[in-house]
There are 2 protein chains.
Amino acid sequence: MKLHGYWRSSAAYRVRIALAIKGIDYQQVPVHLVKDGGQQHSAQYKALNPAELVPCLEDKDLALGQSLAILEYLEETQGGPKLLPAEPGLRAQVRAFCQDIACDIHPLNNLRVLQYLKGEMALSDDKKDAWYRHWLATGFAALEVKLAKTAGHYCFGDTLTLADCCLVPQVYNARRFEVDLGPYPTLVAVVARLEALDAFISAAPEQQPDANG
Amino acid sequence: MKLHGYWRSSAAYRVRIALAIKGIDYQQVPVHLVKDGGQQHSAQYKALNPAELVPCLEDKDLALGQSLAILEYLEETQGGPKLLPAEPGLRAQVRAFCQDIACDIHPLNNLRVLQYLKGEMALSDDKKDAWYRHWLATGFAALEVKLAKTAGHYCFGDTLTLADCCLVPQVYNARRFEVDLGPYPTLVAVVARLEALDAFISAAPEQQPDANG
């Protein structure tokens with residue numbers, strides 16, 4: 001398997017965590033999101049992933065974009081620990097938690113959107129930062145309420161799930177933008193426990209071959 | 001089952017289509033997204049769905065937000081036609097297609113975001129419309145490339161999938177904003193075939209009890 005990604009992309013980071021937890025061997029192909037006007041826009045990459053976003057997983061003939069679709073694909077086709085609970089209601093709650101991040105926080109705050117706000121929309125840096133913090137705070141407030149009910153050692157009890165794979169990268173991202181995480185004590189405590197695990201350490205942005213490139 | 005939604009919410013519309021295809025009986029609970037400062041922000045609704053967004057599905061003790069999580073839950077727990085293919089690679093592609101819409105188009109263009117751009121970010125109506133059209137066009141261009149390879153009668157061959165449940169509401173939304181759909185002929189042809197089906201007709205916004213309310 002090949003994972004096309006970028007060290008600091010939180011969507012690629014989600015997938016790296018799951019691959020590490022499941023103990024899957026794979027090759028990393030760095031796609032620099034800024035250099036050359038964004039290598040995700042190259043004809044070669046576009047042929048793999050028409051959405052021109054990372055990550056993209058190649059597995060034999062399959063080229064698959066969208067981090068959550070990749071996580072489900074790994075869950076359905078690979079061995080190693082299962083990251084979705086068996087019980088349908090709980091399974092659904094884990095998926096909804098992932099989507100709270102992957103649909104309602106991250107897409108509003110990723111690189112292409114921040115670039116567009118500053119460029120075409122001509123917003124000041126202050127306004128762009130306010131935008132980032134607003135959607136992060138809105139999303140994290142809801143996640144904190146959820147976690148107060150579901151968290152044990154991790155997001156859902158004491159077993160790792162896809163929710164954990166999505167939460168840690170979003171917190172990494174929030175710290176880059178110097179967001180105050182004080183209002184989210186449960187969330188912060190869960191993340192501290194997750195960040196101590198080998199799979200999360202090895203998947204961290206700074207540990208990747210293209211880090212700081 | 002109770003579906004908390006809003007007639008014009010394209011996320012709720014996705015779920016209504018799947019419920020109709022699967023022939024599931026349910027009760028609709030309208031949540032008016034504008035009246036009373038947005039009924040999704042009421043204490044009562046917030047207790048069900050801390051994200052303060054629609055839809056939310058109630059099934060016995062479960063209160064589940066996020067339309068894609070709801071679609072997977074219905075797929076896993078209910079009878080009727082399956083909307084995810086059995087083969088893992090194809091299944092993954094259908095999920096990625098849904099996420100292209102539910103992660104990378106719709107969250108950038110939904111009501112709360114457009115309100116925030118106009119209010120707190122003080123953008124003009126022209127700029128707000130340009131924002132809407134930009135993300136719609138970016139997303140639809142990628143979907144058109146995908147559909148040219150996968151479409152038959154519907155998004156993926158001749159069998160209905162979750163991709164169809166996500167595509168039609170996004171096109172409905174695009175038409176409301178008077179986006180030119182000329183550049184997406186495959187997409188438009190697929191949608192025309194879908195809109196002729198009973199399940200899609202009965203799920204359409206104008207057919208809902210709270211329509212035009």
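## Close-up views of a predicted two-chain model

**View 1. The side chain of Gln208(B) lies 3.2 Å from the backbone oxygen of Ala203(B) in this predicted model.** A second backbone oxygen, that of Ser202(B), is reached by the Gln208(B) side chain at 3.0 Å. Gln208(B) belongs to the segment that follows α10 (198-203) of chain B. Its relative accessible area is 7%, so Gln208(B) counts as buried. Apart from neighbours within four places in sequence, the residues in contact with Gln208(B) are Trp7(B), Arg16(B), Gln28(B), Ser202(B) and Ala203(B). Ser202(B) and Ala203(B) thus appear both as contacts of Gln208(B) and as the residues whose backbone oxygens its side chain reaches.

**View 2. Ala189(B) sits in helix α9 of chain B, which spans residues 185-195.** Is Ala189(B) buried, partly exposed or exposed? Ala189(B) is partly exposed, because its relative accessibility is 30%. Cys166(B) is 23 residues away from Ala189(B) along the chain, and the two C-alpha atoms are 15 Å apart.

**View 3. Asn109(A) is part of helix α5 of chain A, residues 106-109.** With a relative accessibility of 3%, Asn109(A) is classed as buried. When residues up to four places away in sequence are set aside, Asn109(A) touches Leu114(A), Trp131(A), Tyr132(A), Trp135(A) and Leu136(A).

**View 4. Cysteines are shown in a structure with 0 disulfides over all chains.** Cys98(A) takes part in no disulfide, and the nearest cysteine sulfur to it belongs to Cys166(A), 3.7 Å away. That distance is not within 2.5 Å, so the pair does not count as a disulfide. Cys98(A) is buried, at 3% relative accessibility. For Cys103(B), which is also in no disulfide, the nearest cysteine sulfur is that of Cys103(A), in the other chain, at 3.4 Å. This distance too is not within 2.5 Å, so no disulfide is assigned. Cys103(B) has a relative accessible area of 3% and is buried.

**View 5. Domain 1 (2-81) and domain 2 (88-199) make up the division of chain A.** The centres of the two domains, taken over C-alpha atoms, are 20 Å apart. Domain 1 of chain A gives 16 residues to the contact, and domain 2 of chain A gives 18 residues. About 1,700 Å² is buried between these domains, with 69% of that area coming from carbon and sulfur atoms.

**View 6. The boundary between domain 1 and domain 2 of chain A has 1 salt bridge.** Glu72(A) and Arg95(A) form a salt bridge in which the closest N and O atoms are 2.7 Å apart. Between domain 1 of chain A and domain 2 of chain A there are 2 residue pairs in polar contact. On the side of domain 1 of chain A that touches domain 2, α1 (10-22) and α3 (67-77) each supply at least two residues. Which element gives the largest share of that side? The largest share is from α1(A), with 8 residues.

**View 7. Chain A and chain B meet with 46 residues of each in contact with the other.** The size of an interface is often expressed as the accessible area that is lost when the parts come together. Chain B and chain A bury about 4,000 Å² between them, and carbon and sulfur atoms account for 66% of this. Which three residues supply more of the area that chain B buries against chain A than any other three? They are Gln66(B), Tyr116(B) and Met121(B), which supply 15% of that area.

**View 8. There are 8 salt bridges across the interface of chain B and chain A.** Arg112(B) and Asp104(A) are joined by a salt bridge between their side chains, with an N to O distance of 3.9 Å. Residue pairs in polar contact between chain B and chain A number 16. The side of chain B that touches chain A receives two or more residues from each of β4 (62-65), α3 (67-77), α4 (88-102), α5 (106-109), α6 (111-118) and α7 (125-150) of chain B.

Methods
Residues are numbered from 1 along each chain as its sequence is written. Chains are lettered from A and ligands numbered from 1 in the order in which they are written. This is a predicted model: local features need pLDDT of at least 70, side-chain atom pairs count only at pLDDT 80 or more; totals for chains, interfaces and linings use all residues. Side-chain values use heavy atoms; hydrogens and water are left out. Buried means under 20% relative accessible area, exposed over 50%, partly exposed in between (1.4 Å probe, protein chains only). Domain bounds come from an automatic or database domain assignment. Contact means heavy atoms within 4.5 Å. Buried area is the accessible area (1.4 Å probe) that two parts lose on being put together, summed over both. A salt bridge is a side-chain nitrogen of Lys or Arg within 4 Å of a carboxyl oxygen of Asp or Glu. A polar contact is a pair of N or O atoms within 3.5 Å; within protein, one must be able to donate a hydrogen and the other to accept it, and residues adjacent in sequence count only if both atoms are side-chain atoms. Helices (H or I, at least four residues) and strands (E, at least two) are DSSP runs, numbered from the N terminus.
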